[in-house]
Amino acid sequence: MTWVASLLGRVAATVAAVSLVACASPPPLQPWSLPPDASALGQSGPWRVVEADISREVDAARGDCQAVVERYTPQGDAPPGRTPLVFAHGFLRDVAQHRDHARHWASWGVPVYLVGHCSGGWTRPIEGVAGGGAGVLAGFMRQVADASGAPAVVYGGFSAGGRASRLVAWGDARTVGWLGLDPVDRLPRDTPTAPFPMAALFAPPQSCNAQQVGRGLTRAAADGRSLQVQGSTHCHFEWPSNVLCRAACGEPGSEEHNAELRRRISTLALAFLRWRVGLDAQPPDAMWADNPGLWVQPAP
């Protein structure tokens, strides 16, 4: 019963991690400032959001692994963006960990599709994180983009979902942008330059983002930025997160402290998304220029 011993070992490690996290002190919040025209992006936007589970409509599957697909559609007097974001969750995570991000972004006019594996999709032997698992999820994302009927698409992902989204973004001529939330991925040396803008937001180096292994991803873009959100952990890039992430990766701090970090991350992501879906004409460079709450890796 090797799998039983493995499960018990994971439970013990989780309990120990929870104990350690409970005793940790939160990193201090760094000063933060936004241009006046961007400050409102941290609040709910003017569009009403209609949510729907469209898993059966898209019917993306491989073997007995059925994709989970949730759609967040902005509706209001002003026309929303026509270019959707197709977004993937991370290792052993779920679309549920990004619903509040999706609601926030859609409230500002960005159509969002959350795409997920079946519950065991990452962990099957033939579908590991470094190989088929990311490829399967990338394939699901491509099917969702096709089903949307959109002439252009932005891809994105959290943690290991960053790899899946990067794989599909490079293979789809409709891609007009890529967004990584603490992505865990490393580009092959022969990767061609991406013709679309890329933005990646990171926690400081830690075990859960493989010591920020994805930091070089945006250097493969003709227009790329990597931003480190000071004081954050891997779990702050989920919204909402849960006890499993907090146990493994840590999320010290009060509820208000953690909510502020999530607001910062979601606001930065939203500014990039609104630019790429055509709702804002200019890139959001002013948001991170001379901001002490961020560390900025410039484009090569």
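I'll start at E70, which sits in strand β4, residues 68–75. Keep in mind that this is a predicted model. Is E70 buried or exposed? Its relative accessibility is 9%, and the cut-off for buried is under 20%, so E70 counts as buried. As for what surrounds E70, its side chain makes a polar contact of 2.7 Å with the side chain of Y72. If we set aside neighbours within four places in sequence, the residues in contact with E70 are A52, D53, V95, R99, V112, Y113 and L114.

Next, the strands, beginning with β7. Strand β7 covers residues 153–158, and six of its six residues are buried. Which residues point which way? V153, Y155 and G157 point to one side of β7, while V154, G156 and F158 point to the other. The general rule here is that side chains in a regular strand alternate between the two faces of the sheet. In β7, the residues on both sides are buried.

Now the pairing of β7. With strand β5, residues 85–88, β7 pairs in the parallel sense, over four bridges. If you want a residue to click on, take F87, whose bridge partner in β7 is G156. β7 also pairs with strand β8, residues 175–181, again in the parallel sense, and there the count is six bridges. In that pairing, G157 stands opposite G180 of β8.

What links β7 to β8 in the β-α-β unit? That is helix α5, residues 161–171, and the unit of β7, α5 and β8 is right-handed.

Moving on to β8 itself. This strand is mostly covered, with six of its seven residues buried. β8 also runs parallel to strand β9, residues 198–202, and four bridges join the two. Here the pair to look at is L181 in β8, opposite L201 in β9.

Last topic, the cysteines. How many disulfides are there? The count is two.

One joins C208 to C249, with an S to S distance of 2.1 Å. The torsion about that S-S bond is about -90 degrees, so the disulfide is left-handed. C208 lies in the loop between β9 and β10, the latter being 224–229, and C249 lies in helix α6, residues 243–249, so this pair ties together parts that are 41 residues apart in sequence. Both C208 and C249 are buried.

The other disulfide joins C235 to C245, at 2.2 Å from S to S. The torsion about the S-S bond of C235 and C245 is -105 degrees, and this link is left-handed. C235 is in the loop between β10 and α6, and C245 is in helix α6, so the pair ties together parts that are 10 residues apart in sequence. C235 and C245 are both buried.

To recap the cysteines, helix α6 contains C249 and also C245. For the strands, β7 pairs with β5 and with β8, and β8 is joined to β9 in turn. That's what I have for today.

Notes: Residues numbered from 1 in each chain as written. Predicted model: local features only at pLDDT ≥ 70, side-chain atom pairs only at ≥ 80, totals over all residues. Heavy atoms only, no water. Buried < 20%, exposed > 50% of the residue type's maximum accessible area, 1.4 Å probe, protein only. Pairing = 2+ DSSP bridges. Right-handed = clockwise from strand over helix to strand, strands pointing away. Disulfide = S-S within 2.5 Å. Polar contact = N/O pair within 3.5 Å; in protein donor to acceptor, adjacent residues only side chain to side chain. Contact = heavy atoms within 4.5 Å.
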